[in-house]
Amino acid sequence: MKHGLLLRRLGATAVLGLTVLLAGQTVSMAAGIGSNGSTTLAVTASLLPCDIYANGGTACVAAHSTTRALFANYNGPLYQVTRASDSTKEDIGVQAKGGYAKAGDQDAFCSGTTCIISIIYDQTSNKNDLAIEPKGGNGAADNGVPADALPVTAGGVKVYGASFSGHMGYRNVVGTMVARNGSPESMYMVTSGNHFNSGCCFDYGNAEISLNDTGNGHMDAINFGNERWSNFTVNGNGPWVQADLENGLFQSETGSSKDTTNTGDTEPYVTAMLKNDGQKNFALKHGNAQSGALSTSYSGPLPTTGFNPTYTPMKQEGSIVLGTGGDNSNGSIGSFFEGVMTAGVASDAVDNAVQANIVSVGYGGKSSTAGGVLSPDSTISLNATTPCCTTRYISQQSGGTAQSGTVVTAVISSASSTSNAQDGTWILRAGLADQTCYSFESRDYPGQFMRHYNFQIYRQPMDGSQQFRADATFCSEPGKVGQGFSFHSYNYPTRYLRHFNNTLYVSSNGGPNNFDTQNVWINDVSWLVTTPWAP
């Protein structure tokens with residue numbers, strides 16, 4: 001008897017202790033029924049998402065991640081990178097069985113050049129690997145994502161997510177064991193509420209094998225962004241977890257939101273989940289991938305009334321898409337860390353256990369901290385040295401959007417709010433254009449960096465272009481004022497990071513702009529590297 005079926009047969013107060021043999025390891029599990037009648041499942045920490053799904057009777061048919069293994073026994077490659085300098089390829093695996101990505105291998109292989117992610121490997125035996133997407137009915141062949149655009153912390157170590165900046169996508173054109181023609185399936189992905197747009201369509205899931213729109217119900221994919229479909233109504237400004245069922249992004253059977261509290265998921269790391277029985281019903285769940293439980297924004301009938309043809313039954317085709325729509329509509333941006341697709345609809349208990357495992361990863365967690373020194377991948381704050389402004393730190397506290405914000409200085413102290421402390425904290429990365437220099441990644445917005453544009457400093461997502469890499473790279477030297485450090489622009493080496501009227505610029509010591517004034521210039525371009533306000 002399958003465990004999932006057994007659990008569903010338990011009485012309202014029954015509790016069952018299970019011991020199963022999983023991947024050569026004996027794992028203890030406890031299951032029961034909650035007070036509201038829902039199944040609850042507690043699992044040991046050794047189980048990873050696809051182990052949890054398998055135990056629930058809904059095995060993974062595809063499992064993709066650039067950050068970690070999704071099976072406790074997985075010891076193979078996570079993704080492949082291709083080097084720009086000579087087109088050589090390298091697989092990036094895990095540090096240990098069931099562990100996190102060996103990002104250091106990527107750093108060494110791509111040193112002195114740039115790399116793209118050319119394949120995201122399937123961790124199941126189905127070999128549903130995701131390669132760069134070919135031409136579709138509504139988009140030219142895509143590009144691979146820049147391999148170094150989204151450095152994050154997971155499991156306490158540096159790993160890389162996949163950052164999509166438009167015209168980027170992956171596909172397994174004809175998947176193996178993926179749901180077809182009304183078969184049930186579940187799927188989730190971990191994405192980011194800080195990196196999205198209203199373009200079509202940042203999807204992960206089941207799509208058409210022809211890479212053309214073949215009609216209603218021929219897709220069954222998670223969509224994440226703030227695109228509003230046709231006359232569907234939504235709450236708030238997004239981004240939302242929606243179901244791309246083809247020719248519509250659905251938050252309910254009518255398409256419109258029925259959850260007034262669901263105004264969008266703006267957390268840095270978001271769990272997005274879709275379940276579809278293929279015949280009558282589907283459900284959408286969402287949550288903070290760093291803490292807490294999932295919320296159900298919809299659970300009910302598939303779209304029928306007003307849709308011709310209807311979405312009952314579904315007509316999935318079994319292709320797997322990531323980053324675009326089913327016909328390769330590729331105007332979206334987004335972030336991807338991990339995701340799976342299953343055979344069958346997972347129970348709520350399994351959903352909860354998977355979310356708990358995701359939270360345990362610690363996406364965006366603490367990295368090493370540094371005070372007074374420059375150490376790549378450490379977390380720092382940057383303190384002004386000008387006599388007027390020694391309580392001020394470089395901050396993204398500017399009322400910007402999720403996609404961009406001006407960089408300023410702000411007063412931060414031990415009495416500051418958590419959000420202000422986070423705004424004044426940065427992760428020091430090896431320079432995107434020159435690894436002997438530095439780039440400053442936002443602590444709040446993974447994959448977004450300080451970069452100059454028209455000599456002003458902004459926080460923006462890394463798009464992989466050489467222009468962005470140059471604009472976001474700063475080279476250090478001893479502080480001009482005799483303490484700390486000064487940082488000159490990589491592509492404008494006579495211009496230095498400077499605060500002027502509490503706004504950041506790259507400034508020369510004298511020049512045509514008011515922020516180039518020589519008055520207290522050596523102070524304004526000198527910064528103390530301190531321990532971070534929000535490690």
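**Group meeting: pockets, sheets and a small cavity**

Okay, let's start with a hole: the second largest pocket holds about 230 Å³ of space. It has 19 lining residues, and Pro268, Tyr269, Gln290, Arg443 and Asp444 are the closest to its centre. By class, that lining has 7 nonpolar, 8 polar and 4 charged residues. Here, Ala, Val, Leu, Ile, Met, Phe, Trp, Tyr, Cys and Pro count as nonpolar, Asp, Glu, Lys and Arg as charged, and the others, Gly among them, as polar.

Before I go on, a word on what you're looking at. This is a predicted model, where local features need pLDDT of at least 70 and side-chain atom pairs count only at pLDDT 80 or more, while totals for chains, interfaces and linings use all residues. Numbering starts from 1 along each chain as its sequence is written, and side-chain values use heavy atoms, with hydrogens and water left out.

And what is a pocket? On a 1 Å grid over the protein atoms alone, a pocket is an open set of points with protein on both sides within 12 Å along at least five of seven lines; a cavity is a set where a 1.4 Å probe fits but cannot get out, and lining residues have an atom within 4 Å of a point. Points are joined across faces, edges and corners, and the volume is the space filled by probe spheres set on them.

Back to our pocket. Which strand gives the largest share of its lining? That's β9, with 3 residues. β9 (151-154), β28 and β29 (438-442) each supply at least two.

β28 (426-430) turns up again in the largest pocket, where α3 (103-109), β10 (157-160) and α6 (466-471) also supply at least two lining residues each. That one has about 430 Å³ of space. Its lining has 24 residues, with Asp148, Ala430, Gly431, Leu432 and Gln435 nearest the centre. The class split is 10 nonpolar, 7 polar and 7 charged.

Zooming out, the protein has 7 helices and 36 strands; these are DSSP runs numbered from the N terminus, with helices being H or I of at least four residues and strands E of at least two. The radius of gyration is 24 Å, close to the 24 Å that the globule rule gives for 535 residues, so the protein is as compact as a globular protein of that length. (That radius is taken over C-alpha atoms, and the rule is 2.2 Å times the number of residues to the power 0.38.)

Now the sheets. Six strands, or 6 if you're taking notes, form an open antiparallel sheet in the order β4-β23-β13-β18-β19-β20. Two strands pair if DSSP finds at least two bridges between them. At the edges sit β4 (60-65) and β20 (295-301), each pairing on one side only. β19 (residues 281-288) and β20 share 6 bridges, and Lys285 has Thr296 in β20 as its bridge partner. Helix α4 (residues 348-361) packs on this sheet, touching β13, β18, β19 and β23, with its direction at about 160° to that of β18. Contact means heavy atoms within 4.5 Å; axes are lines fitted to C-alpha atoms, for helices over the stretch in contact, and angles run from 0 to 180 degrees between N-to-C directions.

There's also an open antiparallel sheet of 10 strands, ordered β6-β5-β7-β8-β12-β21-β14-β15-β16-β17. Its edges are β6 (89-92) and β17 (249-250).

Last stop: β15 (residues 220-225) gives the most to the lining of the second largest cavity, 3 residues. That cavity has about 40 Å³ of space.
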